[in-house]
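Trainee: Please take a close look at the salt bridges in this structure. Which residues pair up, and where do they sit?

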Amino acid sequence: ITLLGDCKRVHQLDPVPGARLLAVLSGRSRNVRVFTWEDLKNPEATGAKLLEARGSQMITAGSLCQGKGAFWLCTASKRHVTCYQLASSKQPYKRARDFQAPGVVQWMGIFEELLCIGYPAGFSLYALAGEGPPTNLVSPEDPSLAFLSHGQTEALCAVTVSSDLYLLCFNTVGVYVNGQGRRSEQRELMWPAHPVAAGKWASRSHSSWGHTYG
């Protein structure tokens, strides 16, 4: 148990073990701070505050190439996403790129060298290292997925099943698509109740869901 400096209410924690860093989203202003492992041993340490990330609604952190490459922290504020490279140094972060998501960001996760962003009725993949257009994981050219754009479909979580297979979890349904955003399996996942959150086990291609029952 440790005290995270002067952090008030903690909204989200995201550890980066390979870089020995912990990213924290906290406070009424929803500020983002980066703490080193050494900071966590000192209750007086305040970490490095990302001034430009104030008002973030969520964060995600991870590494490229399964921990063998660079370490990243991404923040989202409405549709705006900012990506930072992380390092265990006096200046633990460096702003790398910014972009606008197609909709208000509802979920983020790092898949190898890609940042996956979920927003109403869709998910997209963005290259963390370098530029280039995003890949839409819900292709508008696949008529079998058109129903996702009807109604209030919210993005909950995405899972990499294999190199060319993704499970996209929405609040209404879960669908399997390939890397081009086309349906790869006809079966769908249906929830026993309205899910309020979803997550995946880091060690397996598995998802677990939280539900509300009325």
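Mentor: This is a predicted model, and a search of the whole structure finds 6 salt bridges. I will go through some of them in turn.

Begin with Glu38 and Arg20, whose side chains form a salt bridge at 3.5 Å, N to O. This pair links distant parts of the chain, 18 residues apart. Glu38 is in the loop between strand S3 (31-36) and strand S4 (48-50), while Arg20 is in the loop between strand S1 (10-16) and strand S2 (21-26). Glu38 counts as partly exposed because its relative accessibility is 45%. Arg20, at 40%, also counts as partly exposed.

Next, the side chains of Arg95 and Glu52 meet in a salt bridge at 3.9 Å, N to O. Arg95 belongs to strand S8 (residues 93-100), and Glu52 to the loop between S4 and strand S5 (58-63). The two residues are 43 residues apart, so this pair also links distant parts of the chain. Relative accessibility is 40% for Arg95, which counts as partly exposed, and 38% for Glu52, which counts as partly exposed too. Both residues belong to a network of salt bridges that also includes Asp98.

Finally, Arg182 forms a salt bridge with Glu141, with the closest N and O atoms 3.1 Å apart. Arg182 lies in the loop between strand S15 (174-177) and strand S16 (194-201), and Glu141 in the loop between strand S12 (135-136) and strand S13 (155-162), so the pair ties together parts that are 41 residues apart in sequence. Arg182 is partly exposed at 34% relative accessibility, whereas Glu141 counts as exposed at 59%.

Technical notes:
Residues numbered from 1 in each chain as written. Predicted model: local features only at pLDDT ≥ 70, side-chain atom pairs only at ≥ 80, totals over all residues. Heavy atoms only, no water. Salt bridge = Lys/Arg side-chain N within 4 Å of Asp/Glu carboxyl O. Helix = DSSP H or I, 4+ residues; strand = E, 2+ residues; numbered from the N terminus. Buried < 20%, exposed > 50% of the residue type's maximum accessible area, 1.4 Å probe, protein only.
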